[in-house]
Amino acid sequence: VFDNFERIYLSFSGGKDSLATLSDHPEAGAQVSYSGGLIENIMSLGAHDALGYGADWNAALKEAQGWTTSQGTPRLDIVLFPFHHALLPLVDERVARRQVELYAHAYGEAWRGDKRSKGLFPSEMAFSERLIPALAATGVEWVVVSNSHLSRACADYPWVAGSGGDNIPPPNPPYLPHGSDLHEEP
């Protein structure tokens, strides 16, 4: 659990300092996410010099946003996030789009708007293909997806029905074991 010192350290220079340790690796980088509410809270604390935050709370991360890899990609990508921590698959398309638009506005106030991420870290890793048009309309080009979703697309995914470890859907149908009696969900 982060205490106040750790949160302040990450905001002020911790993220930048950690990323700097990777400078010997020309393609290394990191992604960070802040919720919209967290951005607003820290900005308010910084504006009032409260709880250790000052007006320049975001300067180190903004500086690190300007660092690039040897191929010119950002070393620090502060990815987009649904502003109110909404579970996007559970809201309608207008709301999903608005969540990203609100976050983009806060992003421009807190971070370098010219370095706005093209990626989204969805709340609780909740994602649905239904979101793609709404996200694309807001400029999102990619979404962080849980590795369990990627793993399920592999032919050697170790899923065994009835094992007690099968609390997620089975692998994609082309990768089910030969002779499996599992049926595709509607």
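A residue is called partly exposed when its relative accessible area falls between the buried range, under 20%, and the exposed range, over 50%. Arg98, with a relative accessible area of 46%, is therefore partly exposed. The structure described here is a predicted model.

The protein chain contains six helices and four strands. Read from the N terminus, the elements follow the order α-β-α-α-β-α-β-α-β-α. The chain has 186 residues, and buried residues make up 31% of them. Among contacts with a separation of 6 or more, 60% are between residues 24 or more positions apart.

Helix α4 spans residues 93-110 and has 18 residues. From its first C-alpha to its last, α4 reaches 26 Å, close to the 26 Å expected at 1.5 Å a residue. The N-terminal end of α4 is capped by Asp92. A side-chain oxygen of Asp92 lies 3.0 Å from the backbone nitrogen of Arg94.

The buried residues of α4 are Ala96, Gln99, Val100, Tyr103, Ala106, Tyr107 and Ala110. They lie on the same side of α4, because they cover an arc of only 125 degrees around the axis. The face turned away from this buried side carries the exposed residues Arg94 and His105. The buried residues of α4 pack against three helices, α2 (36-47), α3 (59-65) and α5 (132-137). They also pack against the strands β2 (76-78) and β3 (119-120).

Helix α2 is one of these packing partners. Its 12 residues should span 16 Å at 1.5 Å a residue, and its end C-alpha atoms are 16 Å apart, which agrees. The buried residues of α2 are Gly36, Ile39, Ile42 and Gly46. These residues cover an arc of only 130 degrees around the axis, so they fall on the same side of α2. Asp49 follows α2 and has a positive phi, near 45 degrees.

The largest nonpolar core has 28 residues. Tyr34, Tyr103, Trp111, Leu120 and Leu135 have the most contacts inside this core. The elements that give two or more residues to the core are α2, α3, β2 and α4. The largest share, six residues, comes from α4. In soluble globular proteins, nonpolar side chains tend to be buried together.

Leu120 offers a view of the contacts around one core residue. Leaving aside residues up to four places away in sequence, Leu120 touches Leu80, Phe81, Pro82 and Leu88, among others. Its contacts also include Val100 and Leu135. Further along the chain, Leu120 touches Val140, Trp142, Val143 and Val144. Of these partners, Val100 is one of the buried residues of α4. Leu135, like Leu120, is listed among the core residues with the most contacts.

Charged pairs form another set of contacts. The structure holds five salt bridges. Side chains of opposite charge can pair when their charged atoms come close. One salt bridge joins the side chains of Arg97 and Glu93, at 3.4 Å from N to O. Both residues lie in helix α4, four residues apart, about one turn of the helix. Arg97 is partly exposed, with a relative accessible area of 24%. Glu93 is also partly exposed, at 38% relative accessibility.

Another salt bridge links Arg98 with Glu101, and their closest N and O atoms are 3.7 Å apart. This pair likewise lies in α4, three residues apart, about one turn of the helix. Arg98 has the relative accessible area of 46% given above. Glu101 counts as partly exposed at 35% relative accessibility.

The side chains of Arg112 and Asp114 meet in a salt bridge as well, at 3.1 Å from N to O. Arg112 is partly exposed, at 26% relative accessibility. Asp114, at 61%, counts as exposed.

Val145 lies in the loop between β4 (142-143) and α6 (147-151). At 35% relative accessibility, Val145 is partly exposed. Val145 and Ala126 are 19 residues apart in sequence. In space, their C-alpha atoms are 8.4 Å apart.

Definitions and conventions: Residues are numbered from 1 along each chain as its sequence is written. This is a predicted model: local features need pLDDT of at least 70, side-chain atom pairs count only at pLDDT 80 or more; totals for chains, interfaces and linings use all residues. Side-chain values use heavy atoms; hydrogens and water are left out. The expected span of a helix is 1.5 Å times one less than its number of residues. Buried means under 20% relative accessible area, exposed over 50%, partly exposed in between (1.4 Å probe, protein chains only). The arc is that of the directions from the helix axis to the C-beta atoms. Contact means heavy atoms within 4.5 Å. A polar contact is a pair of N or O atoms within 3.5 Å; within protein, one must be able to donate a hydrogen and the other to accept it, and residues adjacent in sequence count only if both atoms are side-chain atoms. A salt bridge is a side-chain nitrogen of Lys or Arg within 4 Å of a carboxyl oxygen of Asp or Glu. A nonpolar core is a set of buried Ala, Val, Leu, Ile, Met, Phe, Trp, Tyr and Cys residues joined through side-chain atoms within 4.5 Å.
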